[in-house]
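Here are my notes on the internal space and the ligand shell. Please read them with the model open.

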Amino acid sequence: MSDDYKRMWEALGLDLAAHDALLGVLGKAYQDIYLSQKHRPEGMGYFDFVMSEVHGLRIKELLDEKEAGRKIIGSYCVFVPEEIVLAANATLVGLCSGADFAMEEVEKLLPRNTCALIKSSFGFKLGKVCPYLESADMIVGENTCDGKKKAYESLNSLVKNLYVMDLPQVKSEQGRALLRAEYDRFKAAVERLTGVSITAESLKQAIQSVNAKRAAIQRLSSLRKADPAPISGLDALLANQVFFYDNPARFTESVNKICDELEKRIEQEKGVFPQKTPRILVSGCPQAVPNWKLPFIVETSGAVIVGEESCVGERGTRNLTDDTGKTVEDMMEAIVDRYYKVDCAIFTPNPERLDHIQEMVAAYRADGVIHYGLQFCQPYLMESMPVEKALEEKNIPCLRIETDYSMEDVGQLKTRIEAFIEQLR
Ligand code: BJ8
C-alpha cells in the first residue's frame with residue numbers, strides 16, 4: 001500500500017492495523033472466489049480493478065469531492081433515494097456490512113442473536129475499518145426491521161451524523177403518505193447539509209442518471225436469461241454490489257460495455273458453464289460485499305445462479321422513476337411511486353414479493369429457488385415459508401437456507417445444496 005493511501009486512512013481515523021487485516025481477508029477472499037473462476041467476461045476486469053481499489057482510489061475520489069465542497073451521504077437501505085442526494089449535488093454510498101468484524105465489541109452493544117448484517121455495520125464502526133462510513137457527512141438509517149430500528153438508537157451514540165428515516169410497514173394510503181412526508185423531510189435535510197436547493201432541472205438530471213444505472217443492470221440481468229449463461233452469478237452479484245458505491249456514470253458505462261460483450265457471447269452460444277447447467281434463482285436477504293458465500297458454494301457445486309430477488313439485485317433495480325414531470329412536486333411524486341413498489345419483507349402483507357419471485361423464475365428459466373435467509377432476520381425467515389409454499393404449489397423446487405457470515409457451516413451448506421442441485425437435474 002502506498003504511503004499516500006496510509007495517510008488518507010489515518011486522516012479518516014481508521015485503525016491501520018485492523019484495516020490492514022480487513023483488506024487482507026477481503027483480498028484473499030476475492031482471489032480465491034473471483035479470480036479462480038473460468039471464462040469470465042473481459043469487461044469484469046473493470047470490477048476487479050474497482051475491488052482492488054475499493055479502499056484506495058474510490059476513497060480518494062470521494063475525499064477529493066469533499067475537498068471541492070461536495071457532501072457524502074452513507075446509506076444502509078435501498079429506500080434511501082439516490083435521486084434526491086444527486087439532485088443536491090451530493091454523493092450517495094452504500095455502507096456494505098457484508099463481513100464480521102470486531103464481533104466481541106459488537107456483542108457488548110447488540111444481543112448475540114442479531115442478524116449478521118446489522119452486527120457487521122456496528123463492527124465496521126467499532127473496528128474503525130470502513131473509510132466510506134468515516135468519510136460520510138450524513139449516515140442515513142431507516143426504520144425497516146425491528147433489529148435495524150433499535151440498532152440505530154445505539155449507533156446514534158457511535159456516530160455524530162446519523163439521520164433516521166421513518167418508513168411505512170403497510171402499503172396503504174397512509175403508508176404512501178408517510179413515505180412522501182419522509183422523502184420531503186429527507187430532501188429538506190439534504191438541502192440543509194449541502195446548502196443546495198433542489199430544482200426541477202437538477203432533480204430531472206438526477207433521476208435520469210439513476211435510471212441509467214438501473215437500466216444498465218436491467219440489461220445485464222436480461223442477458224442472464226440465455227442458456228448457456230453468459231456470466232456467472234458471482235460476477236453479476238459483484239456488479240450489483242458495486243452499484244452502491246461507484247461513480248454512477250462510470251458504473252453505467254462499464255456495465256453497458258460488459259453487456260455488449262455478453263450479447264456477442266450469446267450470439268456465439270458461449271457461456272461460463274455448459275448449456276443445461278441447472279439454473280438457480282436466489283431470493284431473500286441482501287448479500288453485501290464481501291458476502292459471496294452462497295454463490296460460491298452454488299457455482300462450485302454444479303449450478304449457475306441466473307438472478308437475485310434481493311435488494312442487491314432485482315428488488316433494488318427493477319423499477320425506474322418516471323422522469324417526465326415538469327416540477328419538483330411532480331418528480332417527488334414519481335420518486336415516491338417508484339420506491340413504494342419495493343417489496344421488502346418488512347411490509348405486511350407482502351404478496352407482491354411472492355408474485356415477483358414466480359415471475360423471475362419464469363423469466364430467467366430457473367429450475368429452482370434457494371431462499372437465502374440470514375440467521376435472526378425475522379422478516380425474511382418468516383416470509384420464506386409462504387415463499388416455499390407458493391413455489392411448491394407451482395412445482396418449483398425450493399431450498400430454504402438460514403446462515404450467517406461465518407464459514408463454519410460451508411461444508412453442511414454444500415452438502416444440502418449439492419443434493420438440491422441433484423434434484424434439479
Ligand atoms: S429494503 S431488505 S435493504 S431493509 S437482513 S437488517 S431485514 S434482520 S436488510 Fe434491507 Fe432495506 Fe428491506 Fe432491502 Fe433486518 Fe433482515 Fe437483517 Fe435486513
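1. Start with the second largest cavity. Its lining is made up of Y76, L117, I118, S121, F122, K148, A151, Y152 and L155. Two elements each give two or more residues to that lining: α7 (116–126) and α9 (146–155). Keep in mind that this is a predicted model.

2. Now its volume and chemistry. The second largest cavity holds about 60 Å³ of space. Its lining splits by class into seven nonpolar, one polar and one charged residues.

3. How many cavities of 30 Å³ or more are there? The count is five. The largest of them encloses about 150 Å³. For the largest cavity, the elements that supply two or more lining residues are α2 (16–33) and α8 (131–135).

4. Which residues lie nearest the centre of the largest cavity? They are L26, H55, C96, F124 and V289, out of 14 lining residues. By class, this lining has 13 nonpolar residues, one polar and no charged. The lining of the second largest cavity, by contrast, does include one charged residue.

5. Turn to the ligand. There are 16 residues around it. C115, C145, C311, C344 and C377 come nearest. Please check these five cysteines against the ligand in your viewer.

6. What classes make up the ligand shell? It divides into 13 nonpolar, one polar and two charged residues. Cysteine is counted as nonpolar here, so the nearest residues fall in that class.

Technical notes:
Residues are numbered from 1 along each chain as its sequence is written. This is a predicted model: local features need pLDDT of at least 70, side-chain atom pairs count only at pLDDT 80 or more; totals for chains, interfaces and linings use all residues. Side-chain values use heavy atoms; hydrogens and water are left out. A residue is near a molecule or strand if one of its heavy atoms lies within 4 Å of it. On a 1 Å grid over the protein atoms alone, a cavity is a set of points where a 1.4 Å probe fits but cannot get out, and a pocket is an open set with protein on both sides within 12 Å along at least five of seven lines; lining residues have an atom within 4 Å of a point. Grid points are joined across faces, edges and corners, and a volume is the space filled by probe spheres set on the points. Helices (H or I, at least four residues) and strands (E, at least two) are DSSP runs, numbered from the N terminus.
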